[in-house]
Amino acid sequence: MNQFRLFPEQASTASHQTDALYIFLWSLTSFFTLLIFALIVYFAFKYRRTSSIAPQPVRTDMRLELLWTIIPLVISLFIFFWGAKVFFYVYHPPRDSLDVHVIGKQWMWKIQHPSGRREINELHVPVGQPVRLLLASQDVIHSFYVPAFRVKQDAVPGRYAVLWFQPDKIGEYHLFCAEYCGTQHSKMIGRVVVMDQQKYQDWLAGTPAEESPAVAGGKLFESLGCIKCHGEKAPTMAGLYGSRQRMIDGAIVEANEQYLRESILDSTARVVAGYAPIMPSFRGQITEEQLMEVIAYIKSLRDPATLRKSD
Amino acid sequence: MDQASRGSNRDLSRLEASQILAHQFDDLAQQKEASNLGTWAFLATELMFFGGALTAFVVYRTFYADAFAQASREHMSIPLGTINTAVLLCSSLTVAMGVHYASHGQQRKLIFMLLATIGLALAFLCIKATEYYIEYSHQLVPGLNFHYPPHHHAHPERLTASPPHVELFFCFYFFLTGLHALHMIVGVGIFSFITWKAWRGKYSEQYYNPVECSGLYWHFVDLVWIFLFPLLYLLH
Amino acid sequence: MTSISYNPALEPRDSYINIAYTVKSWLLTKDHKRIGILYLIAITGFFFIGGVFATIIRLDLMTPQGDLVSDDTYNKLFTLHGVVMVFFFLIPSIPATIGNFVLPMMLGARDLAFPRLNLLSWYIFMVGGTLSLIAAVTGGVDTGWTFYTPYSSVFSNTRVVLTAVGVFVTGFSSILTGLNFIITIHTMRAPGLTWRRLPLFIWAHYAASIIMLLGTPVVAVTILMVAAERIFKLGVFNPALGGDPVLFQHLFWFYSHPAVYIMILPAMGVINEIVTCFSRKNIFGYTFIAASSLAIAFISFLVWGHHMFVSTQSVYGGMIFSFLSFLVAVPSAIKVFNWTATLYKGSISFHTPMLYVFGFIGLFTLGGLTGLFLAALGLDVHVHDTYFIVAHFHYIMVGGVVMAYMGAIHFWWPKITGRMYTEWIARLAAVMIFLGFNLTFFPQFIVGYLGMPRRYHAYPPEFQVLNVMSTAGASILAVGYVIPLIYLTWSLWHGKIAGPNPWKATGLEWQTPSPPPTENFYETPVVTGPPYQYHLEEVPFGPSK
């Protein structure tokens, strides 16, 4: 890996799009920088001081002014749309992605696969499979960054963030924390291993069986007492995930991961219409990992018609 | 001010005003324009200063609407807040009258109005301190003794909101009203200084600009309260 | 351009410098020129302190494992480098020194509108700077200059409060300077100096002052909230207590993005003055340059969210901020094209200030265009928080602001001190700075795109070659910055007497002795025409063959 290079490896579907924009922008930058440079050199040589007679003033040419107002504007708008297009791609995971849970803490990444397999600072993924990461942070802001995939997302404490990519090249790639997070920020690194499907299955199978997050979440759902109310005094969990619910104040909210998180931690903040705000808050009672497990459990109870591969 | 008029009355003003005209200005009109404009610019800065904190408050007010409404409803004293609003509005009136008397060279009335303003400002601060004391005794001061729900409350069953969110309300309550009270204290200092100057006969019909500028500052402080009062006390 | 009669026999026997020599006469001065000098001395000190931090950082990054200093020390070094350079050098750099010195003179005024406030702002600046330096030597601070929560408000166990208070206090010196400039420009212009006749340096400072006045208080109150959160253990930005750390970023960048324009607008103002003088030409597109300064000031308040594309901000919020960020590129482009067009059919000489202007235009063009990479949403996802952005903002801050600042110092040095510096060595230093700068920061674009995150103390070995190039460049750059310190100091005693107007420039500040008398002019100047009427002036130095 020690050879000199200008581009990081291209190992995801997004990386090709990002690089195309990057190359276009460098062409544009080189063109304008060289244009200005050439003009300055040319003028500086052509109009160098050769006499003591002051030159005559030059009148401002309105057409020129308009020209170099409008051309940069048009180019800027073009880049804006291109950038936005890539951004939309990077921010909209396909529905059949593999859901992997990632928790950042000072100074490591804790990762759990849907099968239950856990890793630290390493992420194994199969090639060609869209992977959707649900990111949380336990302490300060971190940022999950894989240069070879050209993706990055801050993990902000107190909320979930989502990041997805579809690796298209087998190999090992850097994983960095990109948001400064304290003393060992630069040691909060690891690797992403992209394997072919068969090897990935072997890798999953090659470890002692662990409880999947959904199963663990189901147990928590019982031991924390959730099961006592939900279904009668409180909304049932079956088919809840991904559905749209009406709140007490009339607002319509999609029951996504962020909403489930909020309802567990700040249980009275947004309550479904028809129910009393009686649920206790679990803030401080439950770790980030347990929270993700409970949510995985609730997700596993969704309407089978909307099932994703991950379940 | 246009350049021509500045030129024409320059000599006249110089004769009259050698005492009060700073060396960098040509005449009193220019000096007055500069200090008035300077005060407005300063108030623009102040506006952004409070604006930043108010924006943060409004964001959380939207996030945690119920908790903030409950905190306001159950723990803010509307009577005390209303009295304070009235006190502050009166002080704005006395300041306005003071500026009026200053512009007519009525020194005694000016001093009386300035003293009245200082009195009203102190009354406001005393009432505010009383409120702070009540809140302290109800264990509502974040960072000192916040405990929620508080031990003594008539209707504990109504306090359903999440304690951290109520605490957030009180963080902003103390931050905003504290900043406002600090501005009031500075204002009292300024008016004491102005009163002393007026006592020594420094102001006249020609020169009362400091009274006018400190008056503008006071109206601004008043205006901030006019925003804080409904946001913190009334908005349930 | 003026009808004031200057008598060369009037040698500056009562210049602002030799009117009094006591320390007290300097520390209690209300003269804008002396206050400008006080600022100059202070920020030169801060520049070299910040430079020492940068030097250690670059030396440490020569090896991938970062074995010169510890992790904690490294984190404190880049934090202090940022804090010192941004708040104590770049923001006051041109406005508080050169602006303070020449702005009233360009207006034909005797002083700023509020001289005591001006002195107060210097003291506030020094108090803020001292507090931050005390924080630096009594344990340092490791939050990064951006003070992101909740790291700064809950997790860091360094001197965050003291540093934050230092920055908070310094903000008020910036506010007071901006306020003073705005009022002075409004009320104290010389007879005949209408708005359309103002030098573009004034327009640029006017626009920058508006940002200082309206932006700084927001960051002040935000930093106050962070300090309160730390002291009283509140939860304003702490998610564990219901606070929102991203709200801090919004409030912080609402000021700190416009702050970039507080730095670059005065730099652009300087370029107008120098490029006209050394090409003996009127400025091309006066109205467009003036209007673009105001446009930049206005739009700069609407683009802060482009620092937060990957911070869980909504996708549509990101799109709006990206769109507005592209708009702000247009007025900057207008300026670059107009400066280039000003050279057309000029009579160009290559004195030191002009070399810095050439450097500025080139580096600012590259710095500005790489800004487009960062404003482009999809691409920013990759380059955000990498060395690419480090390279980008150093092209703007060092390649832009510091180049213009050096140009300004060299341009107005004869006015400030009454002495000329040694031209050949000044040119040599300018070329060294240009080359050293590019060698330092260009490789960082590449290493950034390769994925090296910023604020990394250790890094994978494949990034080493580019980092070593960067360090090599930095050592040239460092020497380039030390040389002017030496020959400029030397010129104070041994430089040739400059005379009132060595460059034969048209600005009002040149129509009075050098160094100027305390009240700037012996006779109030009257302005009868637009600025930059170089065809009416004689050409100094003759052909440069």
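These are my notebook entries on chain C, its contact with chain A, and one helix of chain B.

**Ground rules.** I am working from a predicted model, in which local features need pLDDT of at least 70, side-chain atom pairs count only at pLDDT 80 or more, and totals for chains, interfaces and linings use all residues. Residues are numbered from 1 along each chain as its sequence is written, while chains are lettered from A and ligands numbered from 1 in the order in which they are written.

**Chain C overall.** I looked up the secondary structure and found 15 helices and 0 strands (DSSP runs numbered from the N terminus: H or I of at least four residues for helices, E of at least two for strands). The radius of gyration of chain C, taken over C-alpha atoms, is 23 Å, close to the 24 Å of the globule rule (2.2 Å times the number of residues to the power 0.38) for 545 residues, so chain C is as compact as a globular protein of that length. Its C-alpha atoms fill a box of roughly 70 × 50 × 45 Å along the principal axes. I also noted that 68% of the 545 residues of chain C count as buried (20 or more other C-beta atoms within 10 Å of a residue's own, with C-beta atoms placed from the backbone).

**The nonpolar core.** Next I checked the largest nonpolar core (buried Ala, Val, Leu, Ile, Met, Phe, Trp, Tyr and Cys residues joined through C-beta atoms within 7 Å), which has 330 residues. Among those with the most contacts inside it are A:Leu135, C:Met263 and C:Leu265. Helix H7 (residues 200-232) of chain C gives the most to this core, with 22 residues. Leaving aside neighbours within four places in sequence, I found C:Leu265 in contact (C-beta atoms, placed from the backbone, within 7 Å) with residues including C:Ala204, C:Ala207 and C:Ser293.

**Where A meets C.** Here 80 residues of chain A are in contact with 81 residues of chain C. On the chain A side, H2(A) gives the most, with 18 residues. By class, I have 46 nonpolar (Ala, Val, Leu, Ile, Met, Phe, Trp, Tyr, Cys and Pro), 12 charged (Asp, Glu, Lys and Arg) and 22 polar residues (the others, Gly among them) on that side.

**Helix H5 of chain B.** I compared its length with expectation: the 26 residues (78-103) should span 38 Å, at 1.5 Å times one less than the number of residues, and the end C-alpha atoms are 37 Å apart, which agrees. Its buried residues include B:Gly81, B:Asn84, B:Leu88 and B:Tyr101. Helix H6 (107-137) and helix H8 (209-234) of chain B are among what covers them. Just after H5(B), B:Gly105 takes a positive phi of about 70 degrees.

Conventions: A residue is buried if 20 or more other C-beta atoms lie within 10 Å of its own, exposed if 12 or fewer, and partly exposed in between; C-beta atoms are placed from the backbone. Two residues are in contact if their C-beta atoms, placed from the backbone, lie within 7 Å.
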